[in-house]
Amino acid sequence: MATLPFFIFSVTLAYFINLISAQSHANFSIPICDPSRLSSLGMDVKALTFCDQSLSYHVRAKDLVDQMTLLEKVHQIGDKATGVPRLGLPAYNWWSEALHGVSDFGDGATHFGDIVPGATSFPPPILTVASFNESLWKAIGQAVSTEARAMYNLGHAGLTYWSPNINVVRDPRWGRALEMPGEDPFVAGTYASNYVRGLQDIEGTENFTDLNSRPLKVGACCKHLAAYDVDNWLGVDRLHFDARVHEQDMVETFLPPFEMCVRDGDVVSVMCSYNKINGIPACADTKLLKDTVRGEWDLHGYIVSDCDSIEVMIDNQKWLNDKPEDTVSQALKAGLDLDCMGSYPKYMGNAVVQGKAREDLIDKALINLYVVLMRLGLFDGNPSLKSLGLDNVCHKDHIELATEAAREGIVLLKNEKETLPLDPKKYNVLALVGPHANATEAMIGNYKGIPCQYTSPINAFSAYAKVKYAMGCGDILCKNESFISEALDATAEEADATIIFVGLDQTVEAEYKDRVNLNLPSYQPQLIQQVSKVSKGPVILVVMSAGGVDISFAKNDSKIKAILWAGYPGERGGQAIADVIFGKYNPGGRLPLTWYEANYVDKLPMTSMQLRPNDKLGHPGRTYKFFNGSTVYPFGYGLSYTRFEYHIVDSKKDLKIKLNKFQHSRELNYKDSTSKLERHSVLVNDLKCDYNIKFEVRVENKGSRDGDEVVMVYAVPPGDIIGTPLKQLVGFKRVSVKAKKSKSVKFVLDACKSLSIVDHKAYQVLASGEHNIMIGDNVLSFPIHVSFEH
């Protein structure tokens, strides 16, 4: 037993010796295998097989790992890898963030200062996703990765970014809704794959045959797998929460965004979450990590823990009452390659010595990690990206893209009597009131860096008219009415129009902080109502928030002529809002979340994971797919300054599928028992799935203004099957149409993906019967009759 304390001492001592030594050689602008660099360390590049570029990355990575001692290996599987100085391997910090711009949040890989004072801060995902514009999502990823790579070249950033966050927002109270792409798994997965492609892809290398050798601009990470959407609600926190999830919901809702991110986005990393799923910690779930992510989805990269997840298993969840060495062994066996924080480096060496972990599994994890770093150019460099530098950070095109992203995401919720847009010639004096009227940092949300610049609402509107400003509230919590009188005075000074800026911020909805209600904080409603009463001109309400708020009182107030939702609009948010209100831009955003009425939260606890209604408990359904009650505003809602009409140009009405003797019918639950005798369903995995549904939608702009329209396509399953979604989004496209003109939008839907349902046994099946394709909010629809023949 005396060897174990000695081993711990050796690990600790070696950790600090390696850290100090390796840090002195950590200049990432020079590739590890650069001959002059190695020569300065007294090494010959020709003698290092892992630097031989004629060999595959896997062979090179294995050669590097094979030369390491156990002590050296365990110090490379934490996020602060110490490096191996004797092999010329420098330290590397894996943790960087780029959720909506290069961020300095994390463990220090990215830093701003005199050389790089800031980076472009785009709107957080919840508003960007409201644009429903795939090309925009990819363009933002490209801009962010350009700035990240430029900062890397300057020695101010790493190459691995643990973004994007792609969890489905199942409950409107979740504090991290601003970081996520909304409530629909198809939208979340489409956003993820586009943003990841923007971050990772180098032009011309997107279609490599061997994906393990495909060069990368930066490395992205889709997180947090899976069923994670409770942070801290009424004493229930993510460190202890056991998400009890039906397999039907896992297959239908919680896993699809991650599968799309891996399969379609070819992301190089997936992060597992803190919570347990049906009793098993996500970061120790072999079925989830090893079998599904790496096996079924074929991940080309590494799996990383959320930070301190292993420590959480030990201290908070006390999973299996394991000792630390048991816990790290379980995580390693489950397929976890990299530990954010220190549990792997601290305990894994002892786990091997005690016979609880196999060293060859550490080898495999390290090979996964080093292949990614080689693809990123850390070892050999990447000449095509070498020229990126300071001029590429805060580039004017990126700042304009951030402005455009905010414009495209802003949602027009109300516009009585076409009050908006305001004519700048008629509105010379504006009253801007409310806690967000002079917003700056609040506009960029969390996981932020230092923005290139801020354009607050006051800054932007001052360019259009004379501005009278009053806070109306001491802060966003608006705990008393002492500031309301100032707002009343501002609106009473002959303002031609009043714009009230209200909503939420990180003090209300944030990581570690879920909401308990869906109302505006404290006295904000009173501010809105009192200011509206005394305003002489039209009143426009602007709401900044991620999650929905019940503003039914404002929606129904005839004094409030227009309402905009602006999410958190990024560093140029004020400019985007002003451009929309004064008509420089015609809004076309759509809500990525259902806005429920306030009493929704009284009907079910946040901890109930089921999405379908639970009649026994009186729980309503969740998301637009299963909730059939009244809403403040539904998912996908959004108005425009012009009017669009849809016309179906071409559609296929029938789908006859010939089955072979190996394709068998599956039972479904039907409302009418006679349907069971006449109807069939077949496993999607048993079908060849080469059946497409092709149609065109002609979008006609009937108004006098150019505008963008988001064409949303839903599939409605046969109505006699029990437990199916009311509808599910299967396609969308944003299209720009000139006034009095039209444009056709083509859709090609994979019938197996678009018409399939997940049955109560968690099988994905295609059912016979009459399906419907619905365009928009039932603006147009047409049937698709599915039948099977042997």
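**Group meeting: strands, salt bridges and one buried asparagine**

Okay, let's start with a sheet. Three strands make up an open sheet, in the order β21-β27-β26, and the pairing is antiparallel. The edges are β21, residues 681-683, and β26, residues 757-758; each has a single partner strand, so one side of each has no neighbour in the sheet. Keep in mind as we go that this is a predicted model.

Look at the pairing of β21 with β27, which covers residues 764-767: that's antiparallel, over 3 bridges. If you want a spot to put your cursor, Leu683 stands opposite Val765 in β27. And a general reminder while we're on strands: side chains in a regular strand alternate between the two faces of the sheet.

Now, the record. UniProt, in an unreviewed entry, lists residues 709-779 as "domain: Fibronectin type III-like". In the model, the chain over residues 709-779 is 56% strand and 6% helix. The C-alpha atoms at the two ends of that stretch are 13 Å apart.

Let's move to a parallel pair. Strand β12, residues 429-433, runs parallel to β13, residues 466-470, and 5 bridges join them. Within that pair, Val429 has Lys466 of β13 opposite. How does the chain cross from β12 to β13? It goes through helix α16, residues 457-462, and that β-α-β crossover is right-handed.

On to charges. In general, side chains of opposite charge can pair when their charged atoms come close. This structure holds 35 salt bridges, and I've picked out a few.

One of them is Arg60 with Asp380, where the closest N and O atoms are 2.8 Å apart. That pair links distant parts of the chain: Arg60 sits in helix α3, residues 57-66, while Asp380 is in the loop between α14 and α15, 320 residues apart. Is Arg60 buried or exposed? With a relative accessibility of 1%, Arg60 counts as buried.

Next up, Glu511 and Arg176: their side chains meet in a salt bridge at 3.3 Å, N to O. Glu511 is in the loop between β14 and α18, and Arg176 is in the loop between α6 and α7, so the pair ties together parts 335 residues apart in sequence. Both of these residues, Glu511 and Arg176, are buried. They also belong to a network of salt bridges that links Arg176, Glu179, Asp231, Arg238 and Glu511.

And then Asp249 with Arg612, closest N and O atoms 3.5 Å apart. Here Asp249 lies in helix α8, residues 247-254, and Arg612 in the loop between β17 and α21, so this salt bridge ties together parts that are 363 residues apart in sequence. Asp249 and Arg612 are buried as well.

Last stop: Asn586, in the loop between α20, residues 573-581, and β17, residues 595-596. Why do I call Asn586 buried? Because its relative accessible area is 9%, and the cut-off for buried is under 20%.

So what does the Asn586 side chain reach at 2.9 Å? The backbone nitrogen of Tyr641. On top of that, a polar atom of the Asn586 side chain lies 2.9 Å from the backbone oxygen of Asp706. Leaving out residues up to four places away in sequence, Asn586 touches Ser640, Tyr641 and Thr642, plus Arg705, Asp706 and Gly707. Okay, that's my tour, over to you.

Methods: Residues are numbered from 1 along each chain as its sequence is written. This is a predicted model: local features need pLDDT of at least 70, side-chain atom pairs count only at pLDDT 80 or more; totals for chains, interfaces and linings use all residues. Side-chain values use heavy atoms; hydrogens and water are left out. Two strands pair if DSSP finds at least two bridges between them. Helices (H or I, at least four residues) and strands (E, at least two) are DSSP runs, numbered from the N terminus. A crossover is right-handed if, with the strands pointing away from the viewer, the path from the first strand over the helix to the second runs clockwise. UniProt positions are given in the numbering used here, feature names are shortened, and annotations may be inferred rather than shown by experiment. Buried means under 20% relative accessible area, exposed over 50%, partly exposed in between (1.4 Å probe, protein chains only). A polar contact is a pair of N or O atoms within 3.5 Å; within protein, one must be able to donate a hydrogen and the other to accept it, and residues adjacent in sequence count only if both atoms are side-chain atoms. Contact means heavy atoms within 4.5 Å. A salt bridge is a side-chain nitrogen of Lys or Arg within 4 Å of a carboxyl oxygen of Asp or Glu.
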